[in-house]
Amino acid sequence: MTRFYSKRDLQFQLFENQNCLELTQIPYFADHSEETFRLVLDSAEQIAEKSLRPLLTEMDRNEPQLIDGKIRINPGMKTIIRQFGQDGWINALFSYEEGGQQLPWTIHIASGFIFQAANYSASVFPFLTTGAANLIRTFGSKELIEKFTPKMYSGAWQGTMALTEPDAGSSLSDISTTAFPTEAPGVFRIKGQKIYISAGDHDACDNIIHLMLARIQGAPAGTKGISLFVVPKKRISGEPNDVLTQGIYHKMGYKGAPIAHLMIGSNDACEGYLVGEANQGLKYMFQMMNEARLGVGMNAVAIALAAFQASLAYAKERPQGRKINEKDLSQAQVPIIEHADVKRLLLFQKSVVEGSLALLIYCAILSDKIAHEENEVLKNEMEVLLDLLTPIAKSYPSEMGVQSTSAAVQVLGGAGYTTDFPVEQYYREARIHPIHEGTTGIHGLDLLGRKVLIQEGLGWKLLQKEIGESIESSKAYSALGELTQTFESQFKKFNHGAAQLLFKMNQGPEIFLSDATLFLESSGIICIAWMWLEQAKTAQKALNTGATEQDFYFGKIETARYFMEYELPKIKGLIERFHSNTYPTVVMRKEWF
């Protein structure tokens with residue numbers, strides 16, 4: 001069986017390159033060790049191989065259907081969701097008192113990475129429930145926690161995040177779903193509709209618990225008037241709660257998980273239960289959304305990794321042609337991995353996947369540290385740095401994951417375009433991630449228009465400091481001299497271009513933000529190059545101390561060189577754009593298209 005992920009690389013990222021074991025020094029995680037972390041990851045691998053992977057193709061070919069008002073999904077999912085509940089995956093992050101394992105989010109998201117690489121559609125169900133349950137336990141009343149979370153933890157009930165509406169889309173300030181007060185405290189009558197709700201209805205769980213944004217009647221306009229509600233498909237008593245499945249969306253990929261269109265309160269009989277305080281809903285929801293954005297980045301990497309592994313295995317086995325300088329046709333054909341351009345395609349995939357994984361694990365460790373840091377100054381610094389990195393860590397893997405899976409199809413040639421090999425499925429599934437949890441354009445605006453500027457640019461300054469220190473420490477390794485010098489030179493040019501872009505604030509927001517997505521793209525390239533510098537340094541240190549896995553470590557260093565020589569130079573054109581004073585995207589009129 002073709003491997004769907006690289007266990008060795010994940011171990012390298014966690015235990016060598018990022019040193020996740022430092023998290024065990026935090027009292028909350030003190031009961032954990034390298035042994036427990038590895039046991040969790042091994043358990044994830046076993047579930048992925050035995051339960052999720054066998055359904056990969058079947059869930060894609062036989063997608064969910066809406067029958068008699070109920071979405072029917074693959075029958076194997078009921079067992080899988082219950083297994084995640086029984087094995088403690090859904091509430092693994094939570095405290096011992098809540099029945100959890102106090103597991104670091106870093107290890108949890110790394111385990112999710114294994115599940116996603118095995119079967120992305122199957123992997124989403126339990127972790128959607130984790131996010132929804134976490135909102136209830138964090139902001140909900142004791143009564144809500146006791147009523148809803150136990151069955152969510154067990155896998156009996158599904159959790160969702162219900163935000164999007166037909167006429168609002170990503171503009172949450174325009175949502176129109178309304179909550180009408182009732183005589184019962186905290187109980188509201190909900191009326192409206194939601195679209196694109198992942199796992200919004202299915203027959204593998206007994207109930208669906210929606211964490212839903214709505215506006216209380218008479219609340220302020222815009223985001224300030226949004227509240228958060230628990231809206232179950234069935235009430236605790238078991239009777240229907242007037243949440244009807246209006247339709248199901250049929251997608252190009254990620255087909256095994258249903259995406260529902262919901263009508264809420266069509267018969268004026270839908271009860272919703274206020275979570276926390278009124279008009280604080282968007283603030284609460286962002287807890288889930290920010291984690292979800294890093295999760296989307298990890299989803300994208302997992303799918304791209306599975307495609308890379310499939311194309312690598314094919315390239316090693318598929319004989320075709322001979323070396324350029326070999327003219328003797330009596331000689332056997334060589335595996336296509338011997339051809340330089342195929343190696344380029346494979347290096348591109350490896351550089352995107354392993355560079356992105358490094359950045360996401362860096363962010364996950366940062367998130368775990370923030371959650372338990374008592375020093376307010378240090379906590380604030382880590383928070384603004386993570387806030388700055390989040391749109392980058394979501395968007396680069398998502399956008400480049402599409403290109404990486406495309407390269408996997410290209411390695412297989414015509415075979416890659418057929419359903420006989422899994423890479424065509426990966427290519428289709430990869431395309432959702434630049435859209436999930438905010439389009440790339442939204443994250444570009446977020447990065448340049450907010451994250452770079454907040455607290456007088458503190459996050460940006462901290463990123464400069466981190467990268468600067470990485471460059472300086474890399475200079476101690478003479479074997480990496482050219483690689484380090486290349487990155488340092490391009491990093492300086494990038495900073496100069498970014499400064500030119502920031503000067504444009506004086507020309508008004510439309511001019512200033514017109515190239516925000518390009519700034520996000522260039523920032524992503526810089527951050528992944530930084531991650532490759534760190535990986536090269538870790539690999540060189542291992543080689544210098546006599547590591548036996550020389551092929552693995554030499555592969556890391558050569559991939560870092562590939563990224564510096566092939567991917568990093570792509571920022572030159574972006575930087576040139578930052579210096580320009582011509583704005584066709586602003587000047588262009590709709591009539592001219």
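**Exercise 1. In which loop is Gly140 found, and is Gly140 buried or exposed?**

The model is predicted, local features need pLDDT of at least 70, side-chain atom pairs count only at pLDDT 80 or more, and totals for chains, interfaces and linings use all residues. Residues are numbered from 1 along each chain as its sequence is written, and side-chain values use heavy atoms, with hydrogens and water left out.

Step 1. Helices (H or I, at least four residues) and strands (E, at least two) are DSSP runs numbered from the N terminus. Gly140 sits in the loop between helix 6 (120-139) and helix 7 (142-154).

Step 2. Buried means under 20% relative accessible area, exposed over 50%, and partly exposed in between, with a 1.4 Å probe and protein chains only. Gly140 counts as buried because its relative accessibility is 16%.

Step 3. Contact means heavy atoms within 4.5 Å. Leaving aside neighbours within four places in sequence, Gly140 is in contact with Leu135, Ile145, Val275 and Gly276.

**Exercise 2. Locate Asp268 and Asn279, and state the sign of phi for each.**

Step 1. Asp268 lies in the loop between strand 9 (259-264) and strand 10 (271-274). Asn279 lies in the loop between strand 10 and helix 8.

Step 2. Most residues other than glycine have a negative phi. Asp268, not a glycine, has a positive phi of about 55°. For Asn279, also a residue other than glycine, phi is positive and near 70°.

Step 3. Asp268 counts as partly exposed because its relative accessibility is 43%. Asn279 is partly exposed too, with a relative accessible area of 27%.

**Exercise 3. Find the pairing of strand 10 with strand 5 and with strand 7.**

Step 1. Two strands pair if DSSP finds at least two bridges between them.

Step 2. Strand 5 (residues 187-198) and strand 10 run antiparallel and are joined by 3 bridges. The bridge partner of Val187 in strand 10 is Tyr273.

Step 3. Strand 7 (residues 226-232) pairs with strand 10 over 2 bridges, in the antiparallel sense. Here Phe229 has Leu274 of strand 10 as its bridge partner.

**Exercise 4. Describe the lining of the second largest pocket by element and by residue class.**

Step 1. Helix 6, helix 8 (281-317), helix 9 (340-372) and helix 10 (376-412) each supply at least two residues of this pocket's lining.

Step 2. Ala, Val, Leu, Ile, Met, Phe, Trp, Tyr, Cys and Pro count as nonpolar, Asp, Glu, Lys and Arg as charged, and the others, Gly among them, as polar. The lining residues divide into 12 nonpolar, 6 polar and 5 charged. Lining residues have an atom within 4 Å of a point of the pocket, an open set on a 1 Å grid over the protein atoms alone where a 1.4 Å probe fits, with protein on both sides within 12 Å along at least five of seven lines.
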